[in-house]
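Student: I am new to this structure and would like a close look at one part of it. Could you walk me through the salt bridges of a single helix and what surrounds them?

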Amino acid sequence: MSCSWLLWHLALEVHEALLPFRCPPARWLASYRMNPSLQDSYRLLQLSREGGSSPAEVKEAYLRLAKQYHPDSGALCTDPHKFSQLEAAYRAVLAHLAQQNEKARQSGEEEEEEEDGKSRLQAPQHRQYLSFEGVGLGTPSQRERQYRQFRVDRATEQVLDYRRREFERQAGEEGALMAQEVRRSSRQVKITQAVERLVEDLIQESMAKGDFSNLRGAGKPLGKFSHNPYADPMTHNLNRILIDNGYQPEWIVAQKEIRETVDKLRARLLTSRGRLGDPLSPAEQRLWQQECKAFGEELAKLNKKVDNFNLIVLLLSRQMVHFSLERELKRTLCADQELRAEREREKERKKAKADKSQHTKPTKPGLFSWVHSLLK
């Protein structure tokens, strides 16, 4: 099937959507010539001549025949003249159906208007026999007003009755929920009491074994917690209990570990420098460089721990800076010089003390000197 056939089919769909079959016939036939008669149009479309076909049936028959006779359909029985006749017949049949529907609609509207006019002109008969459900006394108009008031009162009573039933239902549900909550709370109380009895039994058993005899502060009154007006008392007391039991925050533990590690590294480097001479020999110089290299690697690992500590510390004033290898080596050399000088001073003090003790050594008194002093 070629492109022109598809374009023609699409144009037909758009045309039918924009101009429905209910519009007046003159609009459909404004740009088309109705050459065949209406019966010939039905015959060409292979429809019943009685005119009982619906627009959908007409369209289906037209499309079926158009696929056979359209010049671009590719079928063996293509006939442009026949196709033009089919198209004209299709439009004539649609115009005829639209005209019939328009006439039927207009006649229906006229009949409805006539019935409305008759109902307006004719007054209802036997108004005195209107029942109003047996409500009211007097003339029909008075009874009608009384009946309206009766309906209002009845609707109000129905609303109040509905609200009363809803309140009763909600109260019943609340009562059921309350009973369920009471049962749940009683079960929890029983469980709590059982746990408390178990804990009390364990405490008494531990006391009998003497597990609480060596506690710090046994026999002394409990110290009151220091009051902090800027903190919640419960939170402050919990923190105090944690501190007393050895709990420390993560950043404090990390800070303590960093300080202990750097002290160990400094002490080890200082010990290594103290084993070497002053000045250093070439062999000792190589050993010292190896020690400095190992110290630098350990210091790099320690700086990573410092970075992690700075991420978890709470206060900016508590953050730490990296340890410098050059600064640490200079510090170690200065400390080594001070230790060497202190050892030299200690040696000099010991030597001076020994010399002084030799010069001022007292002579022990003998028997002859004692006799000599006695004769005098």
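Tutor: Here is a walk along helix α6, with a short visit to another pair afterwards. Please keep in mind that this is a predicted model.

Helix α6 covers residues 140-209. Let us start with Asp 161, which forms a salt bridge with Arg 165, the closest N and O atoms lying 2.6 Å apart. Both residues sit in helix α6, four residues apart, or about one turn of the helix. Asp 161 is partly exposed, because its relative accessible area is 28%, and Arg 165 also counts as partly exposed, at 42%. This pair belongs to a network of salt bridges that links Asp 161, Arg 164, Arg 165 and Glu 168.

Next comes Arg 169, which forms a salt bridge with Glu 166, with 2.6 Å between the closest N and O atoms. These two are three residues apart in helix α6, so about one helical turn separates them. Arg 169 is partly exposed at 42% relative accessibility, and Glu 166 is partly exposed at 21%.

Further along, helix α6 holds Val 199, a partly exposed residue with a relative accessible area of 41%. Val 199 joins Val 195, Ile 203, Met 207 and Phe 212 in a nonpolar surface patch of about 420 Å².

Now for the other pair: Glu 257 and Lys 305 meet in a salt bridge of 3.3 Å, N to O. Glu 257 lies in helix α8 and Lys 305 in helix α9, so this pair ties together parts that are 48 residues apart in sequence. Altogether, the count comes to 17 salt bridges.

Terms used
Residues are numbered from 1 along each chain as its sequence is written. This is a predicted model: local features need pLDDT of at least 70, side-chain atom pairs count only at pLDDT 80 or more; totals for chains, interfaces and linings use all residues. Side-chain values use heavy atoms; hydrogens and water are left out. Patches are made of residues with over 30% relative accessible area and no salt bridge: like charges are joined within 9 Å, nonpolar side chains (Val, Leu, Ile, Met, Phe, Trp, Tyr) within 5 Å. Accessible areas come from the Shrake-Rupley method with a 1.4 Å probe; for residues, only the protein chains shown count as cover. A salt bridge is a side-chain nitrogen of Lys or Arg within 4 Å of a carboxyl oxygen of Asp or Glu. Buried means under 20% relative accessible area, exposed over 50%, partly exposed in between (1.4 Å probe, protein chains only).
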